[in-house]
Amino acid sequence: MRVLVALAAVGLLSVACGGQSTTVTTHPVAHDPSPTGVRLAGGGTLTKPMPKASAVTYNAKLAPLGASAEVVAESGAVLANSTVTVGGLLPNRTYGAHLHVDPCGLKPDDSGPHYQHVHSHASATNEVWLDFTTDDQGTATATAKQDWAFAPGRVPHSLVIHAQPTVKTGADAGTAGPRVACVSLTEQ
């Protein structure tokens, strides 16, 4: 980054001092696996599970048909930022929410396990946890920021909303009860 700033400064000084402008082509640094970043998004109105549905409910009592969920997960070279916004869920209720490795399917378990940065353990620093508590109208927004990027060629493909808040410590860390809804993510 410092090199790019220095090159830009030299170019501006050259133009300001009457010199010729020069186009500089930069190449990504070897350790930068995703110089342009990754943007994943998905969402819509929760429907019954069906092939190719983008947002589904598996438990209409906890995630009513017609509720909505929108997800954006972005990753640059070294950081990831994920946000979920929901509407029409049960009011004043806390739900667990995590990014998962596979897209939503006809069955709750089709979305596979939690997406993990390093395949080692469940924690808020190794996974993307987006627990939220809805307001009186059943709406909420949650954001998670990670100090790592999604692995090239290995990105999350869904966000699963769970019936309970995520257990943060102990042997059950990362669990959040049954899967009640799912949003498939696609690369944008």
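This is a walk through the structure, one selection at a time.

Before you start clicking, keep in mind that you are looking at a predicted model.

**Stop 1: the sheet that starts at E7**

Select E7, E4, E3, E1 and E10. These five strands make an open sheet in the order E7-E4-E3-E1-E10, and the pairing is antiparallel. Its edge strands are E7 (140–146) and E10 (186–187), each of which pairs on one side only.

Now zoom in on E3 (residues 68–75) and E4 (residues 80–87). The two run antiparallel and are joined by eight bridges. For a handle on the register, pick Ala-69: its bridge partner in E4 is Val-86.

Step across to the other side of E4. E4 and E7 also pair in the antiparallel sense, here over seven bridges. Label Ala-80 and you'll find Gln-146 as its bridge partner in E7.

**Stop 2: the two faces of E7**

Stay on E7 and turn on side chains. In a regular strand, side chains alternate between the two faces of the sheet. Which residues of E7 point to one face and are buried? Ala-140, Ala-142, Ala-144 and Gln-146 do. Thr-141, Thr-143 and Lys-145 point to the other face and are not buried. Colouring E7 by accessibility should bring that pattern out.

**Stop 3: the second sheet**

Hide that set and select E2, E9, E8, E5 and E6. Here again five strands form an open sheet, in the order E2-E9-E8-E5-E6, with antiparallel pairing. E2 (55–57) and E6 stand at the edges with a single partner strand each, so one side of each is left without a neighbour in the sheet.

Next, centre on E8 (residues 158–162). Toward E9 there are five bridges, with the strands running antiparallel. Two residue pairs mark this seam: Ser-158 stands opposite Ser-184 in E9, and His-162 has Arg-179 in E9 as its bridge partner. Toward E5 the pairing is antiparallel too, over five bridges, and His-100 stands opposite Ser-158. Ser-158 is therefore a handy place to park the camera.How buried is E8? Five of its five residues are buried. Check the two sides in turn: Ser-158, Val-160 and His-162 lie on one, Leu-159 and Ile-161 on the other, and all are buried.

**Stop 4: the disulfide**

Select Cys-104 and Cys-182. The structure holds one disulfide, and this is the pair that it joins, with an S to S distance of 2.0 Å. The torsion about the S-S bond is -90°, a left-handed link. Cys-104 lies in the loop between E5 (94–100) and E6 (132–133), while Cys-182 belongs to E9 (residues 179–184), so the link ties together parts that are 78 residues apart in sequence. Cys-104 has 15% relative accessibility and counts as buried; Cys-182 is buried as well, at 0%.

**Stop 5: rings**

Show the Phe, Tyr and Trp side chains next. The structure holds four aromatic pairs. One of them is Trp-148 with Phe-150, an edge-to-face pair with 6.2 Å centre to centre and 65° between the planes. Both residues of this pair are buried. Add Tyr-115 to the selection and you have one aromatic cluster, made of Tyr-115, Trp-148 and Phe-150.

Then jump to Tyr-95. What lies over the face of Tyr-95? It is Arg-93, at 5.3 Å from the ring centre.

**Stop 6: the nonpolar cores**

For the last stop, bring everything back and select Phe-132, Phe-150 and Ile-161. These residues have the most contacts inside the largest nonpolar core, which has 35 residues. The elements giving two or more residues to this core are E1 (38–45), E3, E4, E5, E7, E8 and E9.

Apart from that core lies another, of six residues, including Ala-53, Val-56, Tyr-58 and Cys-182.

To finish, show what surrounds Phe-132. Setting aside neighbours within four places in sequence, Phe-132 is in contact with residues including Val-84, Val-86, Leu-89, Ala-140, Ala-142 and Ile-161. Arg-93 and Tyr-95, from the previous stop, are also among the contacts of Phe-132.

Technical notes: Residues are numbered from 1 along each chain as its sequence is written. This is a predicted model: local features need pLDDT of at least 70, side-chain atom pairs count only at pLDDT 80 or more; totals for chains, interfaces and linings use all residues. Side-chain values use heavy atoms; hydrogens and water are left out. Two strands pair if DSSP finds at least two bridges between them. Helices (H or I, at least four residues) and strands (E, at least two) are DSSP runs, numbered from the N terminus. Rings of Phe, Tyr and Trp (its six-membered ring) pair if their centres lie within 6.5 Å; planes under 30 degrees apart count as stacked, over 60 as edge-to-face and the rest as tilted. Buried means under 20% relative accessible area, exposed over 50%, partly exposed in between (1.4 Å probe, protein chains only). A charge sits over a ring if NZ of Lys or CZ of Arg is within 6 Å of the ring centre and within 35 degrees of the ring normal. A disulfide is a pair of cysteine sulfur atoms within 2.5 Å. A nonpolar core is a set of buried Ala, Val, Leu, Ile, Met, Phe, Trp, Tyr and Cys residues joined through side-chain atoms within 4.5 Å. Contact means heavy atoms within 4.5 Å.
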